[in-house]
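Work through the exercises below with the sequence and the model open. Try each task before reading its solution.

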Amino acid sequence: MVARLVIAAPSSGAGKTTVATGLMAAFAGRGLAVSPHKVGPDYIDPGYHALATGRPGRNLDAYMCGTGLVAPLFEHGARGCDLAVVEGVMGLYDGAADQGELASTAQVSKLLKAPVVLVVDASSQSRSVAALVHGFASWDPEVRIGGVILNKVATDRHEHLLREALGESGVPVLGVLRRAPAVATPSRHLGLVPVAERQAAAVEAVAAQAEQVRAGCDLEALLALARSAPELSAEAWEPHGSWAARPRGADARGAAGAGAGAGAAAGPRAAGGSGGRPVVAVAGGAAFTFSYAEHTELLRAAGAEVVTFDPLRDEELPEGTSGLVIGGGFPEMYGEQLSANEPLRKAVAALAASGAPVAAECAGLLYLARSLDGTPMCGVLDADARMSERLTLGYRDAVAVSDSVLAPAGARMRGHEFHRTVIEPGAGAAAAWGLRQPERRVEGFVQDGVHASYVHTHWAGSPEVAARFVERCGVEHCR
């Protein structure tokens with residue numbers, strides 16, 4: 001059994017990431033193997049979690065993966081660890097819009113049978129903190145709030161007033177944190193600046209967060225609370241079992257072939273990887289930091305050799321590339337550098353023109369466009385992208401409009417959009433997805449072996465996606 005805590009808050013901005021990351025680093029510094037997790041679709045916080053623990057940060061998303069996979073994915077990530085720390089999303093009871101508790105931190109805490117520590121921004125209150133905590137603790141009897149950490153406390157007198165008020169609430173105070181500029185992490189248009197863009201500064205910030213938590217929190221009491229969590233009955237998720245249990249026979253191959261398009265016949269494919277496995281190149285580096293650990297695990301389980309490359313630095317795709325995955329990130333911050341790497345842009349365009357499978361999400365979509373803010377990109381798509389003042393954010397219920405290397409037409413998947421850019425046109429002649437909410441529209445591009453869209457997906461919820469993609473890479477590899 002893995003001891004576990006969920007770090008939640010009444011609202012965004014209370015300091016969940018600071019506390020959760022600080023706790024992870026503080027306990028890891030004690031020699032514990034700490035498993036880091038994040039509720040929801042966020043990509044950036046898990047990067048700081050990974051820095052704090054030395055283990056991949058993993059997401060637990062009940063909307064994209066389904067409630068039944070939350071505990072198995074948790075068990076998979078926490079296998080062999082002494083402690084798991086789960087950072088919540090938004091306010092404790094906030095979830096998918098118009099979906100009740102679905103995808104909320106509260107729901108995940110119940111699915112994990114994990115005690116909750118409520119981080120409260122106490123900067124503008126004293127006795128009212130008791131009413132706030134009482135309300136959150138009593139709202140859902142199935143959610144066990146085991147303690148409170150008071151953040152942004154001004155003075156000793158302020159702390160005294162807060163502790164006195166909470167003494168009547170029945171919820172113990174497990175930590176008090178003063179305002180500390182050193183622990184702050186810079187933000188921009190989509191949230192925190194990712195670790196990959198500020199490695200040295202991020203290391204210093206995580207160290208400062210750990211020190212603040214060590215000084216202000218009762219680590220022994222927090223560990224005891226984590227160890228009070230009951231045993232989970234869930235069986236750990238396995239990438240091999242996830243895709244191997246899905247049909248991959250004639251129907252799967254036929255659908256993959258239908259989605260490949262006429263371009264699949266263009267030219268011989270590269271030599272592939274060791275042992276005859278198809279090589280799937282995955283974009284990384286500072287411009288493409290948004291990815292889920294399970295995607296790589298599923299690709300490998302489906303038979304691929306996964307090789308990471310950096311479009312900011314590498315002028316060639318990895319040797320033998322048979323398929324390409326370009327996830328999310330911040331290409332808008334690196335547009336000139338990406339454009340200046342003309343040899344790689346040409347290599348990506350040539351791979352796409354050959355009919356090889358290419359899966360691009362959000363930042364990947366922008367990179368495949370003709371231009372981004374007037375700067376030349378790969379030119380795979382007959383579309384142009386630019387920055388926008390409007391934030392597009394939210395879960396998406398999607399239906400595949402066209403057969404593609406990811407899904408047959410009519411397949412349903414759940415995803416998430418998160419960007420401040422627009423692409424014109426918003427969809428190609430063959431669109432990628434039809435979105436059901438918040439408004440009905442089609443978006444994205446399917447052409448030859450390319451699937452490019454703004455919608456982020458979590459393949460653990462639909463593991464046949466990885467199997468279908470790798471199978472198509474195998475078809476190309478054998479040409």
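**Exercise 1. Decide whether Cys378 is buried or exposed, then do the same for Cys65 and count the disulfides.**

Step 1. Take the cut-offs: buried means under 20% relative accessible area, exposed over 50%, and partly exposed in between (1.4 Å probe, protein chains only).
Step 2. Cys378 has a relative accessible area of 8%, so Cys378 is buried.
Step 3. Cys65 is at 11%, so Cys65 is buried too.
Step 4. A disulfide is a pair of cysteine sulfur atoms within 2.5 Å. By this rule the count is zero.

Before going on, note the basis. This is a predicted model, where local features need pLDDT of at least 70 and side-chain atom pairs count only at pLDDT 80 or more, while totals for chains, interfaces and linings use all residues. Residues are numbered from 1 along each chain as its sequence is written, and side-chain values use heavy atoms, with hydrogens and water left out.

**Exercise 2. Find which residues of helix H2 are buried.**

Step 1. Locate the helix: H2 covers residues 44-53. Helices (H or I, at least four residues) and strands (E, at least two) are DSSP runs, numbered from the N terminus.
Step 2. List the buried residues: Ile44, Asp45, Pro46, Tyr48, His49, Ala52 and Thr53.
Step 3. Seven of the ten residues are buried, so H2 is largely enclosed by the rest of the structure.
Step 4. Look just past H2: Gly54 takes a positive phi of about 75°.

**Exercise 3. Which residues touch the most other members of the largest nonpolar core?**

Step 1. Define the core: buried Ala, Val, Leu, Ile, Met, Phe, Trp, Tyr and Cys residues joined through side-chain atoms within 4.5 Å.
Step 2. The largest core has 112 residues, and Ile7, Leu92, Leu112, Leu150, Leu222, Leu299 and Phe469 touch the most other members.
Step 3. Helix H1 (residues 16-29) gives the largest share of this core, seven residues.
Step 4. Apart from it lies another core of 38 residues, including Leu324 and Val358.

**Exercise 4. Examine the backbone at Lys113, Asp448 and Pro425.**

Step 1. Recall the background: most residues other than glycine have a negative phi, and most peptide bonds are trans.
Step 2. Lys113 has a positive phi of about 50°. Lys113 sits in the loop between helix H4 (105-111) and strand S5 (116-121), and is partly exposed at 41%.
Step 3. Asp448 also has a positive phi, near 50°. Its loop joins strands S20 (445-447) and S21 (450-453). Asp448 is partly exposed at 31%.
Step 4. The peptide bond from Glu424 to Pro425 is cis, with omega near 0°. Pro425 lies in the loop between strands S17 (412-424) and S18 (433-435).
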